[in-house]
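This report introduces a single protein chain to a reader who has not met it before. It begins with one salt bridge and then turns to others and to the chain as a whole.

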Amino acid sequence: MTESGRRTEFFAALDELRTAARAVTDKRPPSVQVISRSTEVPVGTLYSWFPTRPTKTRTVPRKDEQLIAVLEFFLRRAGRLAERAQLDRRTREDWLALRDAATEPAESRRSRDRRSDSTANGNEGVITAHVHHSDGLIPAREQITTSLPPAPRTFVGRETELRQILDAADRDRIVAIHAIDGMAGIGKTTLAVYAAHQLRARFPHGQYFVELHAHTPGRAPEHPAEVLARLLAALGVDPRAIPDSLAARRDLWRHRLSDKKVLLVLDDATDRAQIEPLLPSGPQSLTVITSRRRLLLVPDMRPLPLEVLTPRAGTELFLTITGRNAHDPAERDVASRIVALCGQLPLSIGLVAGRVAHHPGWTVTEIDQFARELAAATNRLSILDDDGSIVRAAFDLSYNSIPPGRQLLFRRMGLHPGAGIDAFAAAALLGTDPVAAARELGNLHTDHLIDEIARGRYRLHDLLRDYSRALAAADPPDHNHRARDRLLDYYQHTAAAAGEQLTPANTPASATTSSHRGPTFGNDIEAMEWLRRERSTLLSYLQDTTDKDPTKTLPLISPVASLLIRDGPWSLALQLLQQAADLADRFDRPRDHAEALAVMSEIQWNAGANANSTNNSHKALALYRELGDRRGEANILVNLGCVSLGTSQYGQAADLFDHALAIYGDLGDRYGQAIALLNIGEVHLETGEHTHATEPLNLSLTAFRELGLHLGQANTLLLLARLHRHTGHHERAADLAASALQMFREFDNHQGEANTLNEIGANLQIQGTYSAALDLHRQALVTFREIGYQPGELTALNKIGAALLNTGEPRQASAAFSEATRIAAQNGCRHQHAHALLGTARANASIGDIPTAVTDLTTALTIYQELDLPEADATATELAALRALY
């Protein structure tokens with residue numbers, strides 16, 4: 001036969017075997033890329049054997065080990081098909097002889113010489129070290145029992161998760177499968193391999209590590225049929241005995257392991273379909289899976305999601321890698337800051353720590369400077385990766401594996417200014433409906449590209465946020481601009497709807513209409529919950545729009561102020577409101593200007609800044625009257641009335657509330673009427689006119705109930721409890737206070753809760769339960785001081801002093817009353833000032849200081865008389881008795 005004929009015969013045989021190798025997973029013969037991945041023969045070499053153009057001259061394989069590796073791969077894939085077609089009839093020597101015959105004579109002679117030497121050494125027929133064959137055509141080799149990579153040298157921060165795996169393996173009935181999932185760079189493989197090395201002695205029949213390549217650059221994910229072929233070969237199964245179908249290979253794999261103790265690590269899995277055929281079924285085997293996706297559960301699988309390291313664990317990892325002094329507080333401080341800048345992600349911590357480790361001569365000051373540079377970077381990913389792109393490459397693999405629509409949402413999330421996002425906000429970013437957006441958010445969560453912080457609410461890891469923003473920056477600017485506008489429009493209108501639910505009729509109806517669907521609020525509690533969830537986003541928008549487009553700030557001011565009035569901090573609320581007032585004045589928007597001043601006055605009254613509150617109220621009142629806005633005018637009259645009430649100007653307060661009530665009545669504003677009636681009832685309580693307080697308080701409660709406003713109901717119930725306490729109905733007072741307390745807690749209103757604790761304590765004091773009352777008053781005092789509510793602090797101090805007097809602690813009581821006296825003198829609350837002086841007098845009398853007691857009691861009596869309060873008569877009698885002692 002000619003040389004050309006011998007070449008043709010060789011390649012015909014090779015192509016026949018390659019064609020047979022397509023039987024399991026594809027209709028086409030395996031590509032050179034697939035062959036290369038499985039055999040490690042270079043792609044370029046394989047292209048010379050299997051050129052894509054028929055006219056190109058084919059190169060005969062020269063290296064024995066490469067040819068044998070490819071032949072073995074073909075046989076393994078072809079399985080029983082090769083046996084049926086007698087494609088496995090050639091031995092190693094047959095193939096090499098066929099190859100040599102296709103080449104020049106000199107090379108053929110050298111090859112024959114090599115084969116003769118091999119035969120003489122007893123190695124005839126050995127094709128590879130990978131597969132065991134039973135009939136001697138391709139002789140057997142030792143079975144592989146372990147393929148674990150080396151154990152990680154550094155293992156920090158995953159002790160809890162490791163213990164879960166080890167403990168499960170210790171039980172009589174072990175958890176058969178652990179699925180470790182988490183974002184890129186979280187340390188899934190490190191945990192799996194470390195755990196496998198800890199467990200290897202318990203699984204003597206084999207410990208196998210299989211890379212499934214869901215996120216390996218340039219590689220398609222492994223098909224389970226191919227993985228099973230390799231695993232079966234590792235067990236010593238003859239390639240000719242490996243079945244053709246995936247199901248048959250799965251069954252053989254499970255049969256071989258049914259009575260074995262085997263540990264299987266499946267690294268970087270794609271999905272359930274990829275891993276399920278690989279799972280052993282024997283009760284003594286253990287499988288550990290790692291994946292960037294949350295895998296759908298299969299029987300006996302325990303999910304083990306990994307979060308970022310704790311700050312402490314991240315710091316330990318950094319110090320361990322760098323070899324720095326872990327006992328030096330300065331070292332630990334700078335390490336903890338670097339870890340935070342790395343997002344507590346093990347991959348990024350390791351990269352930065354590795355860089356620092358290369359500079360052992362750096363002082364703590366120099367590392368601190370490095371940390372500052374990292375903190376100041378606008379693109380942390382580029383700084384973390386330095387000259388490489390390890391972190392970004394890891395993120396790229398996750399991002400590139402998801403569909404285009406999901407990629408778009410991931411990029412758009414980088415445009416979101418807040419810490420969390422839900423389906424409504426995502427729909428606004430995409431210009432789609434919330435149902436579709438919710439589905440894609442769930443998919444991103446499954447892909448570990450976002451975290452779920454509450455049901456239906458998600459956020460990006462800090463580094464993924466930077467990555468998302470970098471990707472979004474490459475999108476067309478006009479697309480991003482429209483997405484941002486839709487998102488801001490959604491937040492403006494939804495915040496306005498929430499504000500309207502909290503204060504009905506105070507927001508124009510047009511403000512609650514939007515082209516983008518948002519949540520509906522069934523009551524004020526739901527509205528407040530939404531505002532609290534979106535707090536950081538709304539505050540970010542206020543800052544952003546103030547800097548870039550001030551006119552867009554104003555629609556957000558009122559609802560955000562409604563939140564900050566209730567939750568604080570009031571200093572931030574006042575700062576934002578002052579900005580809004582200045583903007584409205586600059587852009588000649590008197591209604592917005594008046595509203596900002598009105599809310600400022602309300603906060604200032606709560607904070608005890610009565611003069612500033614009054615000043616802003618009068619400015620707002622003038623603006624509302626110029627606009628002819630009667631509702632705004634009535635709102636300001638209520639604010640002014642509250643200042644008068646707080647400063648014990650009860651006649652003036654009553655007039656202001658009555659005037660506001662009349663305006664609200666003309667407008668048919670039920671909410672305004674309920675507020676005015678509530679305050680009128682409180683005036684009557686303060687002046688001791690208890691019978692007159694009943695009707696306005698009951699009318700207020702009815703209105704709030706009809707409007708479905710829980711906070712208004714709670715405030716009214718609290719005043720009714722106080723009314724019943726004063727009239728001697730202590731059991732009814734306790735019931736009303738308990739109802740109010742429950743409502744305040746449902747609303748998460750700390751100020752109202754503290755007011756109620758004060759009231760419950762006062763009722764207990766009347767009944768002689770002083771110790772329990774004292775505990776409640778002290779709880780209330782802590783809350784009042786935390787939120788900066790001076791009227792409440794003043795009342796709590798007076799009640800604490802009274803309880804201490806009744807428990808025989810006059811000196812402590814005197815200290816509480818003295819603090820109350822200071823605050824009352826500062827904020828102008830004369831009524832509470834008189835109470836504090838009365839308490840101080842009683843404390844001094846208890847310790848025998850009658851002269852001081854007489855002086856304090858005389859001042860208290862003067863205040864009561866000037867205010868025309870009913871306490872004056874009892875105080876005069878008490879003073880006369882003291883003077884008789886003096």
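In this predicted model, D567 and R532 form a salt bridge in which the closest N and O atoms are 2.6 Å apart. D567 belongs to helix α26 (residues 554-567) and R532 to helix α24 (residues 524-533), so the pair ties together parts that are 35 residues apart in sequence. D567 is partly exposed, with a relative accessibility of 28%. R532 is also partly exposed, at a relative accessible area of 21%; because the limit for a buried residue is under 20%, R532 does not count as buried.

A second salt bridge joins the side chains of E706 and R670, with an N to O distance of 2.3 Å. This pair links distant parts of the chain, 36 residues apart: E706 lies in helix α33 (residues 690-707) and R670 in helix α32 (residues 670-686). The side chain partners are covered as follows: E706 counts as exposed, at 57% relative accessibility, whereas R670 is partly exposed, with a relative accessible area of 35%.

In a further pair, the side chains of E633 and R625 meet in a salt bridge at 3.0 Å, N to O. Here E633 is buried, with a relative accessible area of 11%, while R625 is partly exposed at 44% relative accessibility.

The three pairs are set out below.

| Acidic residue | Basic residue | N to O distance |
|---|---|---|
| D567 | R532 | 2.6 Å |
| E706 | R670 | 2.3 Å |
| E633 | R625 | 3.0 Å |

Salt bridges also occur in a linked arrangement. R293, R406, E440 and D447 are connected in a network of such bridges. For the whole chain, the count of salt bridges comes to 35.

The wider setting of these pairs is as follows. The chain has 886 residues, and 52% of them are buried. Its secondary structure consists of 42 helices and seven strands; helices α24 and α26, which hold R532 and D567, are among the helices. Of the contacts with a separation of 6 or more, 66% are between residues 24 or more positions apart. The accessible surface of the chain comes to about 38,600 Å², and carbon and sulfur atoms account for 50% of that surface.

Definitions and conventions:
Residues numbered from 1 in each chain as written. Predicted model: local features only at pLDDT ≥ 70, side-chain atom pairs only at ≥ 80, totals over all residues. Heavy atoms only, no water. Helix = DSSP H or I, 4+ residues; strand = E, 2+ residues; numbered from the N terminus. Buried < 20%, exposed > 50% of the residue type's maximum accessible area, 1.4 Å probe, protein only. Contact = heavy atoms within 4.5 Å. Areas by Shrake-Rupley, 256 points an atom, 1.4 Å probe, with all protein chains shown as cover. Salt bridge = Lys/Arg side-chain N within 4 Å of Asp/Glu carboxyl O.
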